[in-house]
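Me: Got a structure here that I'd like to talk through. Can you take my questions one at a time?
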Amino acid sequence: MRQNWSVGKLIVEDEQKGRRKADYGKKTLAALSARLTAEYGRGYDASNLRYMRQFYLVFPICDALRHELGWTYHRWS
């Protein structure tokens, strides 16, 4: 959970310079997907990165996650 949040934060703050959306036509997620997959392996395709970005945008404060998500989510994640 925290890893997905951290990747989402990286996308928004570093790759998108804090903006909610990337510049049109920049292929930001495709380029980042290629870099992360080469370095860390599977699980970093563009669709997963979109979910990670959205996760960060919905929960911008990581410590708030425990209060927003139920116990069963934490148990199985």
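Reply: Sure. One term up front: buried means under 20% relative accessible area, and exposed means over 50%. Tyr44, at 9% relative accessibility, therefore counts as buried. Keep in mind that this is a predicted model.

Me: Okay. How many helices and strands does the chain have?
Reply: There are 5 helices and 0 strands. Along the sequence the pattern reads α-α-α-α-α.

Me: And how much of the chain counts as buried?
Reply: Of its 77 residues, 29% do.

Me: Which residues make up the largest nonpolar core?
Reply: It has 8 residues: Val7, Ile11, Leu29, Leu32, Leu36, Tyr44, Leu49 and Met52. Helices H1 (2-15), H2 (28-40) and H3 (46-58) each give two or more residues to this core. H2 gives the most, with 3 residues.

Me: Is there a second core, and what does it include?
Reply: A separate core of 7 residues includes Val12, Phe55, Leu57 and Cys62.

Me: Any general reason to look for such clusters?
Reply: In soluble globular proteins, nonpolar side chains tend to be buried together.

Me: Back to Ile11. What is Ile11 in contact with, leaving aside neighbours within four places in sequence?
Reply: Its partners are Gln16, Leu29, Leu32, Leu49 and Arg53.

Me: An arginine on that list. Where is Arg53 found, and is Arg53 buried or exposed?
Reply: Arg53 sits in helix H3. Its relative accessibility is 17%, so Arg53 counts as buried.

Me: What does Arg53 touch, again skipping neighbours within four places in sequence?
Reply: Gly8, Ile11, Val12, Gln16, Arg20 and Leu29.

Me: Now the helix packing. How do H1 and H3 pack?
Reply: Their axes are 7 Å apart, at an angle of about 90°. H1 and H3 are therefore roughly perpendicular to each other.

Me: Which residues meet there?
Reply: From H1, they are Asn4, Trp5, Val7, Gly8, Lys9, Ile11, Val12 and Glu13. From H3, they are Leu49, Met52, Arg53, Phe55, Tyr56 and Leu57. The residues of this H1 and H3 contact divide into 9 nonpolar, 2 polar and 3 charged.

Me: And H2 with H3, at what angle do the axes cross?
Reply: Roughly 105°, and the axes come within 9 Å. H2 and H3 are therefore also roughly perpendicular to each other. H2 uses Leu29, Leu32, Ser33 and Leu36, while H3 uses Ala46, Leu49, Arg50 and Arg53. The residues of the H2 and H3 contact split into 5 nonpolar, 1 polar and 2 charged.

Me: Switching to aromatics. How many aromatic pairs are there?
Reply: The count is 3. Among them are Tyr40 and Tyr44, with ring centres 6.1 Å apart and planes at 50°.

Me: Why is that pair called tilted?
Reply: Planes under 30 degrees apart count as stacked and over 60 as edge-to-face, so what falls between is tilted. At 50°, the Tyr40 and Tyr44 pair is therefore tilted.

Me: Is Tyr40 buried or exposed?
Reply: Tyr40 is exposed, with a relative accessible area of 53%. Tyr44, its partner, counts as buried at 9%.

Me: Last one. Where is Ser47, and how far is Ser47 from Ala30 in space?
Reply: Ser47 is in helix H3 and counts as partly exposed, at 35% relative accessibility. Ser47 and Ala30 are 9.3 Å apart, C-alpha to C-alpha, and 17 residues apart in sequence.

Note on methods
Residues numbered from 1 in each chain as written. Predicted model: local features only at pLDDT ≥ 70, side-chain atom pairs only at ≥ 80, totals over all residues. Heavy atoms only, no water. Core = buried A, V, L, I, M, F, W, Y, C linked by side-chain atoms within 4.5 Å. Buried < 20%, exposed > 50% of the residue type's maximum accessible area, 1.4 Å probe, protein only. Helix = DSSP H or I, 4+ residues; strand = E, 2+ residues; numbered from the N terminus. Contact = heavy atoms within 4.5 Å. Phe/Tyr/Trp six-rings, centres within 6.5 Å; stacked < 30°, edge-to-face > 60°. Axes fitted to C-alpha atoms, helices over the stretch in contact; angles between N-to-C directions. Parallel < 35°, antiparallel > 145°, perpendicular 65-115°, else oblique. Nonpolar A, V, L, I, M, F, W, Y, C, P; charged D, E, K, R; others polar.
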